[in-house]
Amino acid sequence: MNGEQILQAFAYLLPAVVTGVVAFYFFKMHTKNEEGRRRYLLQKDTQKHTLPIRLQAYERMALFLERIAIPSLVVRVAPVSTSKNDYESLLIRTIETEFDHNLSQQIYLTDDCWNIIKAAKSATIQSIRKAALSAENADKFREDVLSDTMDKASPSATALSFVKKEISNLW
């Protein structure tokens, strides 16, 4: 083979190589695009099924926070005796029972939201324990706990506003 034949073979080979590289590039782009489209459709389908479940979890947590808010808790749970210790234990047990009932909802919530809900529960229990220290009987304890919450925002209200903010981010 002389130089002219090599140059001629190269002239025929160059367009084939360029066409092959362009075809490979477009095939790779098409494959990547199809993968993205499939992933989007799968996510869209999954979200169609999981969004109602997540909304239900947020709804249950909002209900939990409303139920452990001290004014509604004290009105709903009446003392069974005049002992402040028995009433304190009853209120804390009610909060813990409500929390345990909704424990599984944490898998549908963000970590921040779940931590704020746990903090609201703990702060509510601490507020009940603090009010129990100064009361003589269950009725006085009930009055003290209610008057203590009238002055400041309850932990449940703060957590509920965060839950509402989280829900607004879902849209």
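Colleague: What is the accessible surface of the chain, and how much of it belongs to carbon and sulfur atoms?

Modeller: In this predicted model, the accessible surface of the chain comes to about 11,600 Å². Carbon and sulfur atoms hold 60% of that area.

Colleague: What share of the residues is buried?

Modeller: Of the 171 residues in the chain, 30% are buried. The word applies to a residue with under 20% relative accessible area.

Colleague: Why is T124 called buried?

Modeller: T124 has 2% relative accessibility. The cut-off is under 20%, so T124 counts as buried. The residue belongs to helix α4. Leaving aside residues up to four places away in sequence, T124 touches I68, I70, I95, P155 and S156.

Colleague: Why does S156, one of the residues that T124 touches, count as buried?

Modeller: The relative accessibility of S156 is 4%. Set against the limit of under 20%, that value makes S156 buried as well. S156 is part of helix α6. With residues up to four places away in sequence again left out, S156 touches L65, I68, A69, A120 and T124.

Colleague: Which other residues of α4 are buried, and what covers them?

Modeller: Besides T124, the buried residues of α4 include C113, W114, I117, A120, K121, I125, S127, I128, A131 and A132. The cover over the buried residues of α4 includes α1 (3-68), α2 (70-76), α3 (84-101), α5 (138-150) and α6 (155-170).

Colleague: How do you know that the length of α4 agrees with that of a helix?

Modeller: Helix α4 runs over residues 111-134, which is 24 residues. At 1.5 Å a residue, the expected span is 34 Å. The end C-alpha atoms are 36 Å apart, and therefore the two values agree.

Colleague: What makes up the secondary structure of the chain as a whole?

Modeller: The chain has six helices and zero strands. Read along the sequence, the pattern is α-α-α-α-α-α.

Colleague: How does the radius of gyration of the chain stand against that of a compact globule?

Modeller: For a compact globule of 171 residues, a radius of gyration near 16 Å would be expected, but the chain has 32 Å. The C-alpha trace spans about 115 × 25 × 20 Å along its principal axes.

Colleague: What share of the contacts with a separation of 6 or more joins residues 24 or more positions apart?

Modeller: Such residues account for 76% of those contacts.

Colleague: How many positive and negative side chains does the chain have?

Modeller: There are 22 positive and 20 negative side chains, and the centres of the two sets lie 5 Å apart.

Notes: Residues numbered from 1 in each chain as written. Predicted model: local features only at pLDDT ≥ 70, side-chain atom pairs only at ≥ 80, totals over all residues. Heavy atoms only, no water. Helix = DSSP H or I, 4+ residues; strand = E, 2+ residues; numbered from the N terminus. Rg over C-alpha atoms; globule rule 2.2 N^0.38 Å. Buried < 20%, exposed > 50% of the residue type's maximum accessible area, 1.4 Å probe, protein only. Contact = heavy atoms within 4.5 Å. Areas by Shrake-Rupley, 256 points an atom, 1.4 Å probe, with all protein chains shown as cover. Lys, Arg positive; Asp, Glu negative; His and termini not counted. Charge placed at Lys NZ, Arg CZ, Asp CG, Glu CD. Expected span 1.5 Å × (residues − 1).
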